[in-house]
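Let's look at this structure together. The questions below ask how its descriptions are justified.

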There are 2 protein chains.
Amino acid sequence: MNLVVIGVAHTPYKEQQGTPIAPVFAEGAPASLEIFPEYRAGLADLNGFQRLWVLSWLDRAKGYELLTVPYRDTVKRGVFATRAPRRPNPIGLSCVEVENMDIEGGIISVRGIDLLDGTPILDLKPYIPKADAFPESRAGWFDQSLEVEKADDRFGNRGDA
Amino acid sequence: MNLVVIGVAHTPYKEQQGTPIAPVFAEGAPASLEIFPEYRAGLADLNGFQRLWVLSWLDRAKGYELLTVPYRDTVKRGVFATRAPRRPNPIGLSCVEVENMDIEGGIISVRGIDLLDGTPILDLKPYIPKADAFPESRAGWFDQSLEVEKADDRFGNRGDA
């Protein structure tokens with residue numbers, strides 16, 4: 001299982017504190033994804049998609065605990081019931097809205113993202129409502145959670161968001 | 001970037017041909033996710049979530065092309081504009097509906113999945129509509145695509161679905 005880095009995220013966030021905990025909380029702050037030249041041909045036909053999944057390697061999230069207090073809560077939860085960055089495989093999953101796509105230059109401008117500047121990108125996938133959108137899905141503890149939208153430094157400034 | 005395998009998918013699908021191309025096309029066929037003992041504590045609190053994201057390593061998808069003909073189309077598309085299994089990092093993203101959760105035994109029964117039997121699991125994340133559900137999102141070529149719901153062997157029976 002060998003991973004390759006296909007690009008890098010350029011974002012306004014240099015540290016975990018204050019970073020949005022999901023793209024939807026980023027208030028449209030501009031950010032971009034730079035895809036490296038050798039992978040750019042794979043961006044063809046992405047134009048028509050309003051949103052993308054960005055799979056990233058949360059490189060500043062070191063180690064993990066199986067029980068962790070998520071940003072929007074005050075008690076420990078199983079790590080797989082959270083989107084906390086420190087997890088056995090620190091792979092981030094972000095749904096971003098595309099602002100502009102420069103396929104030749106390998107730059108995808110997005111409306112808001114939840115990644116620290118410089119986060120390596122592993123994959124992009126098209127957002128397909130038929131497979132991905134379930135607006136009525138029950139969401140456990142999150143449905144009663146705190147109205148927190150930005151990260152603090154609870155992961156010791158070693159986390160990502 | 002070192003990945004660990006946290007579990008394995010048990011599914012009815014032994015080969016790519018006929019495997020649903022997304023969980024939503026699996027018609028509720030029963031499947032389960034077995035999480036290994038050392039990670040089971042991390043499943044706490046998942047009960048309340050109706051759906052989960054399963055990130056998997058598509059181990060039978062060998063190699064990739066940057067332009068590929070997706071299952072629901074007849075022309076080549078950029079691989080990042082498809083959910084095809086053969087991609088630079090063959091990480092699968094499946095939204096599954098939970099049928100039953102045996103946290104102590106590490107078995108999550110799901111209503112339909114799009115993974116071949118034995119696929120290694122990398123991560124589970126809760127499905128959170130606020131962050132993940134955008135039913136009106138435009139979906140490019142997919143919006144005019146063929147009504148294909150099951151894989152064929154176009155990835156040379158070396159793909160996953």
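Copies are superposed by least squares on the C-alpha atoms of residues with pLDDT of at least 70 in both. This is a predicted model, where local features need pLDDT of at least 70, side-chain atom pairs count only at pLDDT 80 or more, and totals for chains, interfaces and linings use all residues. Residues are numbered from 1 along each chain as its sequence is written, while chains are lettered from A and ligands numbered from 1 in the order in which they are written.

Q: Why is the relation between chain A and chain B that of a two-fold axis?
A: Chain A superposes on chain B after a rotation of 180 degrees with 0.0 Å of shift along the axis, at an RMSD of 0.0 Å. That is therefore the relation of a two-fold axis.

Q: Which residue of chain A comes closest to the rotation axis?
A: It is A133(A), with its C-alpha at 2.0 Å.

Q: What makes residues of chain A and chain B count as in contact?
A: Their C-beta atoms, placed from the backbone, must lie within 7 Å. By that rule, 55 residues of chain A are in contact with 56 residues of chain B. β8(A) gives the largest share of the side of chain A that touches chain B, 5 residues.

Q: What makes β1 and β2 of chain A a pair?
A: Strands (DSSP runs of E, at least two residues, numbered from the N terminus) pair if DSSP finds at least two bridges between them. Here 4 bridges join β1 (residues 7–10) to β2 (residues 30–35), and the two run antiparallel. Within this pair, G7(A) stands opposite I35(A).

Definitions and conventions:
Two residues are in contact if their C-beta atoms, placed from the backbone, lie within 7 Å.
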